[in-house]
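Q: Please give a close account of the charged contacts in this model and of the strand pairing that accompanies them. How many salt bridges are counted?

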Amino acid sequence: MWRARGPWRALVSEGSMRPALEPGDWLLADPTVRAWPRRGSIVVVREPGSELLVVKRVAARPGDVVRTTDGPIRLAPDQAWLLGDDRAHSIDSRTYGPVPLERLVARAWFRYGPRARIGRLDRIGGLRS
(Lines give C-alpha, C1' and ligand atoms only; values in the text may rest on other atoms or scores of the structure.)
Protein backbone atom coordinates (compact mmCIF):
# COMPACT_ATOMS: atom_id res chain seq x y z
CA MET A 1 0.00 0.00 0.00
CA TRP A 2 1.29 3.46 -0.92
CA ARG A 3 1.98 5.76 2.03
CA ALA A 4 2.75 9.47 1.82
CA ARG A 5 5.45 11.17 3.82
CA GLY A 6 4.80 13.99 6.22
CA PRO A 7 1.71 14.57 8.33
CA TRP A 8 -1.76 14.10 6.91
CA ARG A 9 -4.70 16.33 7.71
CA ALA A 10 -7.92 14.63 8.77
CA LEU A 11 -11.34 16.13 9.49
CA VAL A 12 -13.48 14.44 12.14
CA SER A 13 -16.96 14.23 10.63
CA GLU A 14 -18.88 12.09 13.14
CA GLY A 15 -19.28 11.91 16.91
CA SER A 16 -18.10 8.35 17.58
CA MET A 17 -14.98 9.64 19.38
CA ARG A 18 -16.73 12.09 21.73
CA PRO A 19 -15.67 13.58 24.10
CA ALA A 20 -12.02 13.34 22.98
CA LEU A 21 -12.82 14.39 19.40
CA GLU A 22 -15.76 16.39 18.12
CA PRO A 23 -17.15 16.72 14.59
CA GLY A 24 -15.27 19.61 13.00
CA ASP A 25 -11.95 18.87 14.73
CA TRP A 26 -8.96 18.92 12.38
CA LEU A 27 -6.19 16.43 13.15
CA LEU A 28 -2.62 15.89 12.06
CA ALA A 29 -1.87 12.21 11.55
CA ASP A 30 1.43 10.39 10.98
CA PRO A 31 1.19 8.00 7.98
CA THR A 32 4.65 6.49 8.56
CA VAL A 33 3.46 4.17 11.36
CA ARG A 34 4.93 0.72 10.73
CA ALA A 35 3.36 -1.14 13.68
CA TRP A 36 0.25 -0.75 15.79
CA PRO A 37 0.52 2.18 18.20
CA ARG A 38 0.16 1.68 21.94
CA ARG A 39 -3.12 0.94 23.63
CA GLY A 40 -5.09 4.18 23.98
CA SER A 41 -3.65 5.81 20.85
CA ILE A 42 -5.99 7.38 18.30
CA VAL A 43 -5.59 5.98 14.79
CA VAL A 44 -6.95 6.47 11.28
CA VAL A 45 -7.90 3.15 9.64
CA ARG A 46 -9.71 1.87 6.58
CA GLU A 47 -12.93 0.53 8.02
CA PRO A 48 -13.42 -3.16 7.19
CA GLY A 49 -16.18 -3.65 4.65
CA SER A 50 -16.64 0.00 3.69
CA GLU A 51 -13.12 1.27 2.92
CA LEU A 52 -14.04 4.57 4.62
CA LEU A 53 -11.29 6.26 6.59
CA VAL A 54 -12.37 6.35 10.24
CA VAL A 55 -10.83 7.53 13.49
CA LYS A 56 -10.84 5.09 16.43
CA ARG A 57 -8.89 4.31 19.60
CA VAL A 58 -6.65 1.26 19.99
CA ALA A 59 -8.29 -0.77 22.79
CA ALA A 60 -6.24 -3.97 22.38
CA ARG A 61 -3.09 -4.86 20.47
CA PRO A 62 -1.79 -7.95 18.69
CA GLY A 63 -1.73 -10.93 21.08
CA ASP A 64 -4.16 -9.37 23.60
CA VAL A 65 -7.31 -11.18 24.69
CA VAL A 66 -10.56 -9.25 24.23
CA ARG A 67 -13.72 -10.20 26.11
CA THR A 68 -16.81 -10.04 23.88
CA THR A 69 -20.44 -11.09 24.27
CA ASP A 70 -19.54 -14.19 22.21
CA GLY A 71 -16.62 -15.06 24.50
CA PRO A 72 -12.94 -14.17 24.57
CA ILE A 73 -10.99 -13.51 21.37
CA ARG A 74 -7.19 -13.69 21.22
CA LEU A 75 -5.94 -11.21 18.64
CA ALA A 76 -3.57 -12.54 15.99
CA PRO A 77 -0.06 -11.05 15.66
CA ASP A 78 -1.36 -8.73 12.91
CA GLN A 79 -4.66 -7.59 14.51
CA ALA A 80 -5.93 -4.91 16.88
CA TRP A 81 -9.27 -4.15 18.54
CA LEU A 82 -10.54 -0.61 17.87
CA LEU A 83 -13.28 1.26 19.72
CA GLY A 84 -14.91 4.67 19.49
CA ASP A 85 -14.98 6.64 22.75
CA ASP A 86 -18.76 7.16 22.47
CA ARG A 87 -19.64 3.47 22.57
CA ALA A 88 -23.39 4.10 22.15
CA HIS A 89 -22.80 5.78 18.76
CA SER A 90 -19.72 4.01 17.40
CA ILE A 91 -19.39 1.35 14.75
CA ASP A 92 -16.12 -0.33 15.66
CA SER A 93 -14.54 -3.71 16.41
CA ARG A 94 -17.65 -4.71 18.36
CA THR A 95 -19.36 -4.73 14.94
CA TYR A 96 -16.63 -5.72 12.47
CA GLY A 97 -14.25 -7.62 14.73
CA PRO A 98 -10.45 -7.43 14.90
CA VAL A 99 -8.80 -5.08 12.40
CA PRO A 100 -5.74 -6.24 10.40
CA LEU A 101 -2.55 -4.21 10.71
CA GLU A 102 -2.58 -3.54 6.95
CA ARG A 103 -5.71 -1.36 7.44
CA LEU A 104 -3.82 1.10 9.69
CA VAL A 105 -3.35 4.33 7.75
CA ALA A 106 -1.96 6.75 10.35
CA ARG A 107 -1.68 7.64 14.04
CA ALA A 108 -3.41 10.92 14.98
CA TRP A 109 -1.27 13.01 17.31
CA PHE A 110 -2.32 16.69 17.17
CA ARG A 111 -5.58 18.68 16.86
CA TYR A 112 -4.98 21.96 15.03
CA GLY A 113 -8.53 23.22 14.83
CA PRO A 114 -10.85 24.66 15.83
CA ARG A 115 -8.67 27.25 17.54
CA ALA A 116 -10.22 26.76 21.01
CA ARG A 117 -9.40 23.03 20.93
CA ILE A 118 -5.81 23.09 19.62
CA GLY A 119 -3.47 20.66 21.36
CA ARG A 120 -1.56 17.42 21.32
CA LEU A 121 -3.72 14.30 21.53
CA ASP A 122 -3.09 12.16 24.58
CA ARG A 123 -3.24 8.35 24.45
CA ILE A 124 -5.76 8.15 27.29
CA GLY A 125 -7.83 11.31 27.75
CA GLY A 126 -7.79 12.67 24.23
CA LEU A 127 -5.91 15.92 24.83
CA ARG A 128 -2.69 16.71 26.62
CA SER A 129 -2.67 20.14 28.28
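A: The count comes to seven salt bridges, each being a side-chain nitrogen of Lys or Arg within 4 Å of a carboxyl oxygen of Asp or Glu. The model is a predicted one, in which local features need pLDDT of at least 70 and side-chain atom pairs count only at pLDDT 80 or more, whereas totals for chains, interfaces and linings use all residues. Residues are numbered from 1 along each chain as its sequence is written, and side-chain values use heavy atoms, with hydrogens and water left out.

One of these contacts joins R18 to E22, and the closest N and O atoms of this pair are 2.6 Å apart. R18 has a relative accessibility of 38% and is therefore classed as partly exposed; buried means under 20% relative accessible area, exposed over 50%, and partly exposed in between (1.4 Å probe, protein chains only). Its partner E22, with a relative accessible area of 23%, is likewise partly exposed.

A second salt bridge links D25 and R111, with 2.6 Å between the closest N and O atoms. D25 lies in the loop between strand 1 (8–11) and strand 2 (26–30), while R111 belongs to strand 9 (residues 104–113), so this pair ties together parts that are 86 residues apart in sequence. Strands (E, at least two residues) and helices (H or I, at least four) are DSSP runs numbered from the N terminus. D25 and R111 are both buried. These two residues are also linked with R117 in a network of salt bridges.

A third pair consists of R39 and D64, whose closest N and O atoms are 2.7 Å apart. R39 is found in the loop between strand 2 and strand 3 (42–46) and D64 in the loop between strand 4 and strand 5 (65–68), so that the contact ties together parts that are 25 residues apart in sequence. R39 itself is partly exposed, its relative accessible area being 40%.

The strand that follows strand 4 in this account is strand 7 (residues 79–83), which is largely enclosed by the rest of the structure because four of its five residues are buried. Strand 4 (residues 53–60) and strand 7 pair in the antiparallel sense over three bridges, where pairing requires that DSSP find at least two bridges between the two strands. Within this arrangement, R57 has L83 of strand 7 as its bridge partner. Strand 7 also runs antiparallel to strand 8 (residues 99–100), to which two bridges join it. There, A80 stands opposite V99 of strand 8.

Beyond strand 7, the loop that leads to helix 1 (93–96) contains R87. With a relative accessible area of 40%, R87 is partly exposed. The side chain of R87 reaches the backbone oxygen of G84 at a distance of 2.9 Å. The C-alpha atoms of R87 and M17 are separated by 8.4 Å, although the two residues are 70 residues apart along the chain.

Note on methods:
Polar contact = N/O pair within 3.5 Å; in protein donor to acceptor, adjacent residues only side chain to side chain.
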